[in-house]
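Got the viewer open? Let's take a walk through this one, a stop at a time.

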Amino acid sequence: MRMRPTLSWTPTEDLPPGTTDPLPVADALRFGGVLLLSGAGLSTESGIPDYRGEGGSLSRHTPMTYQDFVGGEQARRRYWARSHLGWRTFGRARPNAGHRAVAAFARHGLLTGVITQNVDGLHQAAGTEGVVELHGSLERVVCLSCGAFGPRRELARRLEEANEGFAPVAAAINPDGDADLSDEQVGDFRVVPCTLCGGILKPDVVFFGEAVPAARVEHCRELVRAANCLLVLGSSLTVMSGLRFVRQAAQEGKPVLIVNRDATRGDVHAVTRVALPLGATLTTVADGLGIPVEGGAAAGTGQ
């Protein structure tokens, strides 16, 4: 199934204003049973830009769609050249205070689960276990012909060997790991095939215009049904992949709380939206609950 990509959202009704009081979030966590849904805004403090916030990548960059990727060799060459360069930057990203606070909440049994729309692996690097990667992970690649999976590190090594000396300077890095390069910079970048069948390799992420696997969606729906409330962190909820769980929670009479500086497509379903920076807010909440947030972290995705 292919869906038409939704890249932007404009409010069609007056939305309740955001608050600067994080107390509702602290109260929800204090009682436990919280399902957490995170978006790109949680990783901005790690140096990974988001899509739609101030200065977001969609203001200058159209992300690769599934249809374009499978539809042409030149599109795949452009994607892999840009992604290969962006992968190096992702490899230097580290979990920030927000990721570490989420890990602390999980360790203290306050969360029933974590669903992330991010593909950067930073939740896991901060120590959170059992994360559902709604849109997949940049750490894996999959062959579109034989279905075999492989580590991204191995593909990176093969691409390095096939493109010796490839080191253009990117104008920017995007939240999907794609780097902004001109066609001239991409040049004749060589794409390598699957080592098992010679098929087309794709990162194991859900591109715009591609459906989230049905089994993964149903697993997330089960997590919503089992939770007492849903806490959304750093997502505009523009795309249906995340918004559907907000709607489900609201329909089931479970409170939805959102921490995001800008208005979101889910605000109409939320009991509150806290319009504050995520790292500082979640650290403050943890402090108020007497939960220590560990400093330092292992590397995320990449080299």
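How many disulfides does the structure hold? Zero, and keep in mind as you look around that this is a predicted model.

To see why, select cysteine 197 and cysteine 143. The sulfur of cysteine 143 is the closest cysteine sulfur to that of cysteine 197, yet the two sit 3.5 Å apart, too far for a bond; a disulfide would need the sulfur atoms within 2.5 Å. While you're there, colour cysteine 197 by accessibility: at 42% relative accessibility, it comes out as partly exposed. Now jump to cysteine 229, which is buried, with a relative accessible area of 8%.

Next stop, the sheet. Show the strands and you'll find six of them in an open sheet, ordered E3-E2-E1-E7-E8-E9, with parallel pairing. At the edges are E3 (132–133) and E9 (272–274), each of which pairs on one side only.

Zoom in on E1 and E7. Select residues 34–38 for strand E1 and residues 229–233 for strand E7: they pair in the parallel sense over five bridges. For one such pairing, pick serine 38, whose bridge partner in E7 is leucine 233.

Keep E7 on screen and add residues 240–251. That's helix H9, which packs on the sheet and touches E1, E7 and strand E8 (256–259). Its direction makes about 150° with that of E7.

Last, bring up helix H4, residues 97–107. H4 lies across E1, E7 and strand E2 (111–116), and runs at about 150° to E2.

Conventions:
Residues are numbered from 1 along each chain as its sequence is written. This is a predicted model: local features need pLDDT of at least 70, side-chain atom pairs count only at pLDDT 80 or more; totals for chains, interfaces and linings use all residues. Side-chain values use heavy atoms; hydrogens and water are left out. Two strands pair if DSSP finds at least two bridges between them. Helices (H or I, at least four residues) and strands (E, at least two) are DSSP runs, numbered from the N terminus. Contact means heavy atoms within 4.5 Å. Axes are lines fitted to C-alpha atoms, for helices over the stretch in contact, and angles run from 0 to 180 degrees between N-to-C directions. Buried means under 20% relative accessible area, exposed over 50%, partly exposed in between (1.4 Å probe, protein chains only).
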